[in-house]
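Dear colleague,

Please find below the structure that I am handing over to you. My notes on it come after the sequence and the coordinates.

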Amino acid sequence: MKNDMADLIELSKYRGYLHFLARTHLPARYAGKLDASDIVQQTLLQAHANQGQFQGHTEAELRAWLRKILVRQLSHATRELHAGKRDIKREQSIEAALDASSMRLENFLAAKQSSPSHQVMRQENVHIIADAIEKLSALHRQVVILRYWEGKSLRELSESLGKSTAAVVGLLNRARTNLRRILQDRSSL
């Protein structure tokens with residue numbers, strides 16, 4: 001890392017990834033009280049201020065370090081809302097949930113029989129997938145998250161969204177098409 005501006009630019013490419021994780025792990029009861037963008041901003045500021053503490057050498061290690069900072073920021077924000085003492089169990093459960101989400105994100109577009117080089121490339125670009133999901137419309141983003149991260153069945157999605165199963169299938173198809181388009185547009189830059 002050569003200078004502070006280069007470091008800021010390098011960390012900013014993880015904004016979509018962190019925003020995706022923050023959005024999917026902020027409980028609905030905090031809507032209107034906590035903003036995922038604010039938490040991500042604090043996470044990136046904290047990471048920049050403490051970049052000397054990062055001891056890793058790979059992109060995966062950097063993402064893990066950023067997730068730990070995000071967990072602290074989420075815990076701090078929820079703790080301020082409750083104005084109570086630190087709850088280490090809540091912090092550990094947020095960390096476990098974020099790690100699980102990150103793994104689901106890494107496997108989202110994975111083929112079961114992919115080669116080791118494809119697996120490495122996918123892991124190095126996981127933030128691109130999260131960023132693309134963040135660019136989907138709110139409804140498409142919601143259906144992708146519910147189906148692929150929360151593992152909801154089509155029936156559960158139908159009930160949750162108040163739409164017919166056929167409408168949900170169409171919505172999922174459009175969401176996947178838009179996601180592919182966003183990823184293709186990004187790769188053509």
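The findings are set out below by topic.

This is a predicted model, in which local features need pLDDT of at least 70 and side-chain atom pairs count only at pLDDT 80 or more, while totals for chains, interfaces and linings use all residues. Residues are numbered from 1 along each chain as its sequence is written, and side-chain values use heavy atoms, with hydrogens and water left out.

Nonpolar core

The largest nonpolar core (a set of buried Ala, Val, Leu, Ile, Met, Phe, Trp, Tyr and Cys residues joined through side-chain atoms within 4.5 Å) has 42 residues. Buried here means under 20% relative accessible area, exposed over 50%, and partly exposed in between, with a 1.4 Å probe and protein chains only. Leu18, Leu66, Ile133 and Val143 have the most contacts inside this core. Two or more residues each come from α2, α3, α4, α7, α8 (138–149), α9 and α10 (165–187); helices (H or I, at least four residues) are DSSP runs, numbered from the N terminus. The most is given by α4, with seven residues. Leaving aside residues up to four places away in sequence, Leu18 touches Val40, Thr43, Leu44, Leu66 and Leu70, contact being defined as heavy atoms within 4.5 Å.

Aromatic pair

The structure holds one aromatic pair. Rings of Phe, Tyr and Trp (its six-membered ring) pair if their centres lie within 6.5 Å; planes under 30 degrees apart count as stacked, over 60 as edge-to-face and the rest as tilted. The ring centres of Phe54 and Trp65 are 5.3 Å apart and the planes stand at 50 degrees, so this pair is tilted. It links distant parts of the chain, eleven residues apart: Phe54 is in the loop between α3 (36–49) and α4 (59–82), and Trp65 is in helix α4. Phe54 is buried at 19% relative accessible area, and Trp65 is buried at 15%.

Salt bridges

A search of the whole structure finds six salt bridges, each a side-chain nitrogen of Lys or Arg within 4 Å of a carboxyl oxygen of Asp or Glu. Glu10, Lys13 and Glu59 are linked in a network of such bridges. Within this network, the closest N and O atoms of Lys13 and Glu10 are 3.3 Å apart, and those of Glu59 and Lys13 are 3.9 Å apart. The bridge between Glu59 and Lys13 links distant parts of the chain, with Glu59 in helix α4 and Lys13 in the loop between α1 (4–12) and α2 (15–25), 46 residues apart. Lys13 is partly exposed at 31% relative accessibility, as is Glu10 at 39%.

Another salt bridge joins the side chains of Glu134 and Arg23 at 2.6 Å, N to O. Here too distant parts of the chain are linked: Glu134 in helix α7 (residues 126–135) and Arg23 in helix α2 are 111 residues apart. Glu134 is buried, with a relative accessible area of 14%, whereas Arg23 is partly exposed, at 32%.

Ser158

Ser158 is in helix α9 (residues 154–161) and is buried, with a relative accessible area of 12%. A polar atom of the Ser158 side chain lies 2.3 Å from the backbone oxygen of Lys163. Not counting residues up to four places away in sequence, Ser158 touches Lys163, Ser164, Thr165 and Val168.

Yours sincerely

Terms used. Polar contact = N/O pair within 3.5 Å; in protein donor to acceptor, adjacent residues only side chain to side chain.
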